[in-house]
Amino acid sequence: MLRRYLLKMLFSLFFLLLFTVRYVDLSFSLALATHPLVMGWEGTGIPVQEIELEGWKKIDQQYNNATQLKKIGTELEKKLKLKLAAPPVTEDELDFSYVNFAGELGEKNQAIITLQSIKVEANTAETFCGLLINLDSVLDLEETLSLLDRACQPVVGAIPLTITLGGILPGRISEGEAYNLMKSVFRRLQVAESHGLLEQGYGRWGGYSALLEGSPVMNINGKKVNVEFGYRYIAEDDLTYLALSTPVLSGLYW
């Protein structure tokens, strides 16, 4: 029992590590991108240095062992034309199993497919599918979203995705500068009303944009939200990190 518990904890930490990897690249022109989130980001006036797609979905209420999970993952791998960096990583216990596929999507984009199944109680179980994509360029965003939709639909169904763009400014910006950046971004996204919080070295705002019609909509404090903008100053780095996400920013960082 102790061994299974430790394995579950180790996997959970491993999964969080995989799903929080940051990827940086500066070699593209924003003007050529078409996704509304990229259009909004142009309001910051700085290059995008991170493009991340993340999704997590329950796909079954039955328990699947590692062999069954690997079969599902292999279907996704083939449909995505994922170039594996190494053989899939698997674990199979009495009440917990998982499989991870990691590789290259296209020329430079990095992708991870994770499938996990857990027996919750004696007669109940849950199986999940997770995706993490780090793009080399915003020019790949629309094509990758289309590819994910075509690949996932016949295998596990549509997976709601969080799209996050990130960038960095040297030093510490003032609260007023951060607020003005948010207003510029939201103006481009035609957000009529924004709400959030602003503290010393940190801010996070949410709103609703009709331009992001295909994105999931969250209900936060009785308000519709499908886009969030945030900034955080890290004194150790002496850098200010900016992020724009739909539908909401990751709770791990913001």
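User: What makes strand 12 (residues 227–234) and strand 13 a pair, and in which sense do they run?

Analyst: Two strands are called paired if DSSP finds at least two bridges between them, and seven bridges join strand 12 to strand 13, which run antiparallel, so the pairing criterion is met. Strands here are DSSP runs of E with at least two residues, helices are runs of H or I with at least four residues, and both are numbered from the N terminus. Among the bridges, Gly-230 stands opposite Ala-243, and Ile-234 has Leu-239 as its partner in strand 13. The model is predicted, with local features needing pLDDT of at least 70 and side-chain atom pairs counting only at pLDDT 80 or more, while totals for chains, interfaces and linings use all residues. Residues are numbered from 1 along each chain as its sequence is written, and side-chain values use heavy atoms, with hydrogens and water left out.

User: What lies between strand 12 and strand 13?

Analyst: The two strands form a hairpin with four residues between them, and in that turn Asp-238 has a positive phi of about 50 degrees.

User: Which strand does Ala-243 belong to, and what is the bridge partner of Gly-166 there?

Analyst: Ala-243 belongs to strand 13 and is the bridge partner of Gly-166. Strand 7 (residues 161–170) and strand 13 run antiparallel and are joined by eight bridges.

User: Why is strand 13 (residues 239–246) described as largely enclosed?

Analyst: Buried means under 20% relative accessible area, exposed means over 50%, and partly exposed lies in between (1.4 Å probe, protein chains only). Six of the eight residues of strand 13 are buried, so the strand is largely enclosed by the rest of the structure. Strand 12 is likewise largely enclosed, because six of its eight residues are buried.

User: How do you know that the span of helix 5 (residues 175–188) is close to the expected one?

Analyst: The expected span is 1.5 Å times one less than the number of residues; helix 5 has 14 residues and reaches 20 Å from its first C-alpha to its last, close to the 20 Å expected. Just after helix 5, Gln-190 takes a positive phi of about 60 degrees.

User: Which residues of helix 5 are buried, and what covers them?

Analyst: The buried residues are Ala-178, Leu-181, Met-182, Ser-184, Val-185 and Phe-186. Their cover, counted by contact (heavy atoms within 4.5 Å), includes strand 7, strand 12 and strand 13.
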